[in-house]
Structures are given as structure tokens and as C-alpha cells.
Amino acid sequence: MNGSTLPLVFVTLLSAGGIFADEDLFSRLPEEAKKGLREGNAVVLERRPDETAEIDKRFVTMAKLLTGTRSLIWEVIHDKEDAEKFLDGVLESKVLEKGENEILVAQKTHVGGPKGAYRYTLRHKLEPMKRADFSFVEGEIKNVLGSWWIYEAPDPEVMLVVYSLHIDPGVFAPQFVVKRGMRKTIPATLASIQKEVTRRQKERASVGG
């Protein structure tokens, strides 16, 4: 994946007491985070949205304001069949199984480590339009875990998107190196999501017009 040139803002959340339980995440963030988000930056959060006690230090968790409707942003994030067309680092992507709120996806992605690119299968459990969690099933990697969240933002045409990710390629890939890389690739992923949302908005407006 390509790195991002945007500066990162590291944020300690105001409280560990379940502040993500509703849609009011943005207003509860520190002013430094709000400023960084409004400037278009990807902001590093200290903890995942579902953490109310001990922090799981395996994850890199970042947030960014994306312009678009909740439904279209969700659509792009979970378009696994076409992900290789618009997401940096995704080389192949195919849905193997699809249930009401669960999908099984096989991918080949560039995630660093000694091999560079790896094939693996992930199971995604979906809470449509709000949250998705994915976990490792099998493949040429030790572990992949992560989640997406979509929250309201002050601007009705913008959503606050949070992406949390843990990757363990296995031997010869120290976690501090992997996490440092993710602080570059996650902003690139979020930027790719925004670019594809914008492209689809324009395409549909053109067809509609």
C-alpha cells in the first residue's frame, strides 16, 4: 500500500467508560482530534471504539471524516468483489460465502513482512451501516483482525469512519515495524474509500441527471 502524506494526530480519548455506545463520538473527542479531523487528517485513537477497560495494544485504530452518505460508504467498504480495483494493496479479492450478516472473503494483499504479499481468508460479521468485524480463518499469515465503524458527524453530508486493524505476518516481522507501517497504510485505505465513494456519487448523479 502507498503511504499517506497527511500528518497523523495521536489522541487519548476523554473517557474509557463506553463513550462509543451512541452516535455522538465526534463531540466527545478532544479538541485536538476534532481539529485534525476537520483538517482532513487521519487521527490515531488510543483505543478501539468497543474498549471500555484495558486497551488491546495489538491494534492500530484510526478515524477520518469521509464525505458521503452512510449507505454509500458502507457499500464501498464492503464491496469485496471489486476491492482490488480501488484499494491500494489489495491484489485479489473474492467473496466465497455470503449470509444475511456474514461473509467469507479470500484476498491477496500486500501487508509487508518477508513475503510482501499474502493470501488469506477472513470472516466478516456485519452490523449493516454501523459496524463490521473481521477475523482470520486461514492463509499464508499468522493473524489478521479488525473492525470498521461508521458514526454521525456534525456535517450531515459527512460520516466519521473508524478503522481498527491488527496484522501479524508471522516470523521476521516485529510488531513495532508492522504497526508503524499500518499508520501509513490505514490513512491510504481511508483515502481510497473516499475516492471511490466520490467516484460512485458522481457516476450516479450523471446517470440520474
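The side chain of Thr 69 reaches the backbone nitrogen of Leu 72 at 3.1 Å, a polar contact, that is, a pair of N or O atoms within 3.5 Å in which, within protein, one must be able to donate a hydrogen and the other to accept it, residues adjacent in sequence counting only if both atoms are side-chain atoms. The model is predicted, so local features need pLDDT of at least 70 and side-chain atom pairs count only at pLDDT 80 or more, whereas totals for chains, interfaces and linings use all residues. Residues are numbered from 1 along each chain as its sequence is written, and side-chain values use heavy atoms, with hydrogens and water left out.

**Overall organisation**

The secondary structure of the chain comes to five helices and nine strands. Helices (H or I, at least four residues) and strands (E, at least two) are DSSP runs numbered from the N terminus. In order from that terminus, the elements run β-α-α-β-β-α-α-β-β-β-β-β-β-α. Of the 209 residues, 48% count as buried; buried means under 20% relative accessible area, exposed over 50%, and partly exposed in between, with a 1.4 Å probe and protein chains only. Among contacts (heavy atoms within 4.5 Å) between residues at least 6 apart in sequence, 52% join residues at least 24 apart.

**Thr 69 and helix H3**

Thr 69 lies in the loop between strand S3 and helix H3, residues 70-77. Not counting residues up to four places away in sequence, Thr 69 touches Met 159 and Gln 201. Thr 69 and Met 159 are 90 residues apart in sequence, yet their C-alpha atoms are 7.2 Å apart in space.

Six of the eight residues of H3 are buried, so this helix is largely enclosed by the rest of the structure. The buried residues are Arg 70, Leu 72, Ile 73, Trp 74, Val 76 and Ile 77.

Two packed helices are described by the angle between their axes and the distance between the axes. H3 and helix H5 (residues 175-208) pack at an angle of about 120°, with their axes 9 Å apart; axes are lines fitted to C-alpha atoms, for helices over the stretch in contact, and angles run from 0 to 180 degrees between N-to-C directions. H3 and H5 are therefore oblique to each other, given that angles under 35 degrees count as roughly parallel, over 145 as roughly antiparallel, 65 to 115 as roughly perpendicular and the rest as oblique. At this interface, Leu 72, Ile 73, Glu 75, Val 76 and Ile 77 of H3 meet Ile 193, Glu 196, Val 197, Arg 200, Gln 201 and Arg 204 of H5.

**Strand S9 and its partners**

Strand S9 spans residues 158-168, and 11 of its 11 residues are buried. In a regular strand the side chains alternate between the two faces of the sheet. Both faces of S9 are covered: Val 158, Leu 160, Val 162, Ser 164, His 166 and Asp 168 are buried on one side, and Met 159, Val 161, Tyr 163, Leu 165 and Ile 167 on the other.

Strands pair if DSSP finds at least two bridges between them. S9 pairs in the antiparallel sense with S3 (residues 60-67) over eight bridges, and Ala 63 stands opposite Val 162. S9 also pairs in the antiparallel sense with S8 (residues 143-152), over 10 bridges, where Val 144 stands opposite Ile 167. S8 and S9 form a hairpin with five residues between them.

**Four selected residues**

| Residue | Location | Relative accessible area |
|---|---|---|
| Thr 69 | loop between S3 and H3 | 43%, partly exposed |
| Thr 109 | strand S5 (residues 102-112) | 3%, buried |
| Lys 130 | loop between S6 (116-127) and S7 (131-139) | 44%, partly exposed |
| Ser 147 | strand S8 | 1%, buried |

The side chains of Ser 147 and Arg 48 are joined by a polar contact of 3.1 Å. Beyond its neighbours within four places in sequence, Ser 147 is in contact with residues including Arg 131, Asp 133, Val 162, Tyr 163 and Ser 164.

A polar contact of 2.8 Å joins the side chains of Thr 109 and Tyr 120. Again leaving aside neighbours within four places, the contacts of Thr 109 include Gly 89, Val 90, Leu 91 and Tyr 118.

On the same basis, Lys 130 is in contact with Arg 70, Trp 74, Trp 148, Trp 149 and Ile 150. Lys 130 and Glu 152 are 22 residues apart in sequence and 9.9 Å apart in space, C-alpha to C-alpha.
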